[in-house]
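Q: Please take a close look at a single part of this model, and set it in the context of the whole chain. I would like a careful, connected account.

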Amino acid sequence: MTTTVSTPATAKAARKHLGLAILALAMGGFAIGTTEFAMMGLLKEIEEGLGISTPEAGNLISAYALGVVIGAPLFAAFGAKLPRKHLALGLMLFLSLANLTSFIAPDYGFMLLSRFASGLPHGAFFGVAAVIAAGLVAPTKRGWAISMVMAGLTVSNVIGVPLATWVGQTFGWRLLFVIVGAIGLLTVAMVWKFVPFEAAHPEASIRRELGALKRLQVWLALLIGIIGFGGFFAVYTYIAHTMTSVAGIPENLIPAVVALYGLGMVVGNIFGGRLADKSVMGTIYWVMPGIAVALVVYAIAAHWAWAAFIMAFVVGGVGSMLTPALQTRLLDAAPGAASLASSLNHSALNIANALGAFLGGTVIAWGWGYVAPALVGAVLAVLGLGVALVSGLLERKKPLSS
């Protein structure tokens, strides 16, 4: 890494607490995933609690996503001169406090603002956490380290989101934010204790971080995520409608479907990290068409309940295999501005979320049915592969290190 100063003492501390350091960073991802996705399962309770309509409740989710898109580059750039450990601590403390303000929000307007604030540290935390994790291991294990940090987000879909949803439905939806705030504070304590300190590079600056935006390969990597990942979110957004209306699965089994999808994400993320360590671009080249095929099969299999269950796991797994490779690609594409480039990946994924949901909703509105978003997603995956191939061809002419 080029933006931190390592010392023998730092390297020794990293080896001693490597597992706990990565667990601490993953815990932050667990908190973020819980606050982002549990909102979707509690929308009805939030509507009733705040006296708002369903579209207004949906705006709370959009406000969070907007915070992610805006906050990722801002926090990463303005935190460039800070030691990365301190930046991670500050971001997680900000997330905890923002969620606690959601707990006390007296009305819709205040809640909208607090959800926007809660999204601000999301991308920047994952960005700096990925850079820290990659710096703790040998270059040949960066993909694994990054996937372990991202595992916090995927595991939250299996454990944190269902648990927070159940607590919110049973004891009050505002408790979601208390749970996330508590997890965030626990993360602060763990990062303080186990993540080794590295002084910021003396040349670190906002200008240096923003230099990443001048690199074409950074923009191509982001575009791969925006386009290629759109199909993943198109399916996830409308998975409940597809399972109940097409597969005929009872509504009370939807949590099991979502858990299977989340379990697939956990497995895919870990496997994708291993693949990225072997070949970053090779992983992207293989995973993108894999996503396209999986989504086409999902559209067919959704007509039978047993097959729909299986494909929920498969789609979650294949889609999540892409994340570690994209994160590593951005580190390679912007070695002097790793924090900003890595953070922008999460802005890109949230744009993909919005794109997938919009295009999926559009084809449903056209009367194409609830399996249509998966077919749209397959097309997006093929387009994402096209962008990846262009990126690879340009790299042959001008290597990233030049």
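A: **Helix α16 and its salt bridges**

In this predicted model, the chain has 18 helices and two strands. The part examined here is helix α16, taken together with the partners that its charged side chains reach, and the overall form of the chain comes before it as background.

The C-alpha atoms fill a box of roughly 60 × 50 × 35 Å along the principal axes. A compact globule of 402 residues would have a radius of gyration near 21 Å, and the chain, at 20 Å, agrees with that expectation. Buried residues account for 56% of the 402 residues, while the accessible surface comes to about 16200 Å², with 73% of it belonging to carbon and sulfur atoms. Among contacts between residues at least 6 apart in sequence, 85% join residues at least 24 apart.

The structure holds two salt bridges. In one of them, the side chains of Asp332 and Arg142 meet at 2.9 Å, N to O. This pair links distant parts of the chain, since Asp332 lies in helix α16 and Arg142 in helix α7 (residues 142–171), 190 residues apart. Asp332 counts as partly exposed because its relative accessibility is 25%, whereas Arg142, at 17%, counts as buried.

In the other, the side chains of Arg329 and Glu395 meet, also at 2.9 Å, N to O. Here too distant parts of the chain are linked, with Arg329 in helix α16 and Glu395 in helix α18, 66 residues apart. Arg329 is buried, with a relative accessible area of 3%, and Glu395 is partly exposed, with a relative accessible area of 23%. As a general matter, side chains of opposite charge can pair when their charged atoms come close.

Helix α16 (322–333) also takes part in covering another element, for the cover over the buried residues of α10 includes α16 as well as α11 (230–237), α14 (280–301), α17 (338–365) and α18 (372–397). Helix α10 itself is mostly covered, with 10 of its 13 residues buried, among them Leu220, Ile224 and Ile227. At 1.5 Å a residue, the 13 residues of α10 (residues 216–228) should span 18 Å, and its end C-alpha atoms are 18 Å apart, which agrees.

To sum up, helix α16 contributes Asp332 to a link with helix α7 and Arg329 to a link with helix α18, and α16 and α18 are both included in what covers the buried residues of α10.

Note on methods
Residues are numbered from 1 along each chain as its sequence is written. This is a predicted model: local features need pLDDT of at least 70, side-chain atom pairs count only at pLDDT 80 or more; totals for chains, interfaces and linings use all residues. Side-chain values use heavy atoms; hydrogens and water are left out. Helices (H or I, at least four residues) and strands (E, at least two) are DSSP runs, numbered from the N terminus. The expected span of a helix is 1.5 Å times one less than its number of residues. Buried means under 20% relative accessible area, exposed over 50%, partly exposed in between (1.4 Å probe, protein chains only). Contact means heavy atoms within 4.5 Å. The radius of gyration is taken over C-alpha atoms; the globule rule is 2.2 Å times the number of residues to the power 0.38. Accessible areas come from the Shrake-Rupley method with a 1.4 Å probe; for residues, only the protein chains shown count as cover. A salt bridge is a side-chain nitrogen of Lys or Arg within 4 Å of a carboxyl oxygen of Asp or Glu.
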